[in-house]
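Here are my notes on this one, point by point. Have the model open while you read.

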Amino acid sequence: MKFLDNRYLLETKIAEELFERVKSLPILDLHSHVDVKEVLEDKSPKDIWEIVGATDHYVWELMRRRGVSEDKITGDASNKEKWFALAEVFPSFAGNPTYEWIHLDLKRRFGIKKLISKETAMEIWEEASSILKRGDLSPRRLLKEMKVELMCTTDDTIDDLKNHEMIKKEMDSPIILPTWRADKAIEIEKKDKWKNYIERLGEITKENTSRISGLISALEKRQRYFKEHGCISCDFGLERPYSFPVREKEVSLIYDKAYRGMELTQEEVSKFKAFMLYEIGKINKDAGWFIQLHIGALRNYRGKLYKTLGADSGGDISTQNIDFAEGLRYFLNEFEDLIIVLYCLDPTHLPTITTIARAFPNVMIGAPWWFNDSPFGIEFHLNYTSSVDLLANCLGMVSDSRKLLSYGSRIEVFRRTLCNVVGKMVERGQIPFEVALRIVEDVSYLNTKRLVKL
């Protein structure tokens, strides 16, 4: 087997046959961080760094690991200098999925088969620049070429969705939908940031958010606004879930205390978050949406990086110190008629969410997320899910990406790994080939299509 050849990640003939059935299926992405403005403007990237590394904190983190200075990652160095710095250390990325993704991107989208290195940096830069000048990789052409059928963006509660309005008028395909993200409304521990946020929310909705009732009314208004723009789901990023019954009167006192700038205890913070998760669950239920819960990211762990570059710059980690079972128990039992998609960042939590899904038919297991979206992580995720729950119920991959180019490579790696896992089951006599075909088609595409009712 050669690097990224037709048998890449496919260890059996049966796996190859299965992949032939799913490799060209359209892409349905329930969770991305692509800016819809980029698609609306449809400008072709200027150079290879802009399309490969400019927004990718996966790339940034690995460059830092190899000692590249920050000015050649997120700083003032030119894009060409940044590309050359990346190319010089790129061979050392081997074994990390970023090495495979970016080489796949070059091969599939640019037709460039050269290995990235210090020696090939100039050749690849010039060849890619020539292709980009032709406009062959503008956002809309990329989406069409990669057969993206649905792209769900990630949008804050207070975001203006005018770009979504405009893109809907200009494009029939892919369907681009906003996703309602209300994290900042419940981050009461962030004090002034939280207060400034809910005051802005109040200005937009003309609600008095100095009181908890006003915050809930404001969120309900924004939910209706998002629904008018085609939104079908809410997405929450939670370091840890809190769910238990809390009286509104008690939470109102906590809210007033925080609004006046007073210190809250951890117990008060958890009570507020539990109450708000329940309220947002009700809003989702009333809207007929499904809810996605991304749990376990410890944000901005590297303080210096956060202070200099802000959030989403490569300073986040996963943590095992979370009680999924108790943290979700009340919420899950209160909302058995709400479709809930669970993602865990630390793979040691997979047994818990898998057994939760087995106990609650309305719970779906999300894709291998973030640090787990490698061939290794995907294989573990699929094998464990299959052994405890039902592989046939799994949703396919999400891009979780800030760059359009990676849609194709990340989905391809997932589908290849899926076919390899299922192909081995056929080889071992665990399942018949005909059943295997249905499973890989369902997981790659049809399960998500049924969920979003396309």
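1. Contact here means heavy atoms within 4.5 Å. On that footing, residues 24 or more positions apart account for 77% of the chain's contacts with a separation of 6 or more.

2. Housekeeping: this is a predicted model, where local features need pLDDT of at least 70, side-chain atom pairs count only at pLDDT 80 or more, and totals for chains, interfaces and linings use all residues. Residues are numbered from 1 along each chain as its sequence is written, and side-chain values use heavy atoms, with hydrogens and water left out.

3. Overall dimensions: a compact globule of 454 residues would have a radius of gyration near 22 Å, and the chain agrees, at 22 Å (taken over C-alpha atoms; the globule rule is 2.2 Å times the number of residues to the power 0.38). Along the principal axes, the C-alpha atoms fill a box of roughly 65 × 55 × 45 Å.

4. Surface and burial: the accessible surface comes to about 20,300 Å², with 48% of it belonging to carbon and sulfur atoms (Shrake-Rupley method, 1.4 Å probe). Buried residues make up 57% of the 454 in the chain; buried means under 20% relative accessible area, with a 1.4 Å probe and protein chains only.

5. Secondary structure: I get 20 helices and eleven strands, as DSSP runs numbered from the N terminus (helices are H or I, at least four residues; strands are E, at least two).

6. How are six of the strands ordered in the open sheet? The order is 3-5-6-7-10-11, with parallel pairing; two strands pair if DSSP finds at least two bridges between them. Strand 3 (155-156) and strand 11 (363-365) stand at the edges with a single partner strand each, so one side of each has no neighbour in the sheet.

7. Have a look at strand 7 (residues 290-295): six of its six residues are buried, so the strand is largely enclosed by the rest of the structure. In a regular strand the side chains alternate between the two faces of the sheet. Here Phe 290, Gln 292 and His 294 point one way, Ile 291, Leu 293 and Ile 295 the other, and all are buried.

8. Neighbours of strand 7: strand 6 (residues 233-238) pairs with strand 7 in the parallel sense over six bridges, and Leu 238 stands opposite Ile 295. Strand 10 (residues 340-344) pairs with strand 7, also parallel, over five bridges. In strand 10, Cys 344 is the bridge partner of Ile 295, while Leu 342 is that of Leu 293.

Conventions:
Buried means under 20% relative accessible area, exposed over 50%, partly exposed in between (1.4 Å probe, protein chains only).
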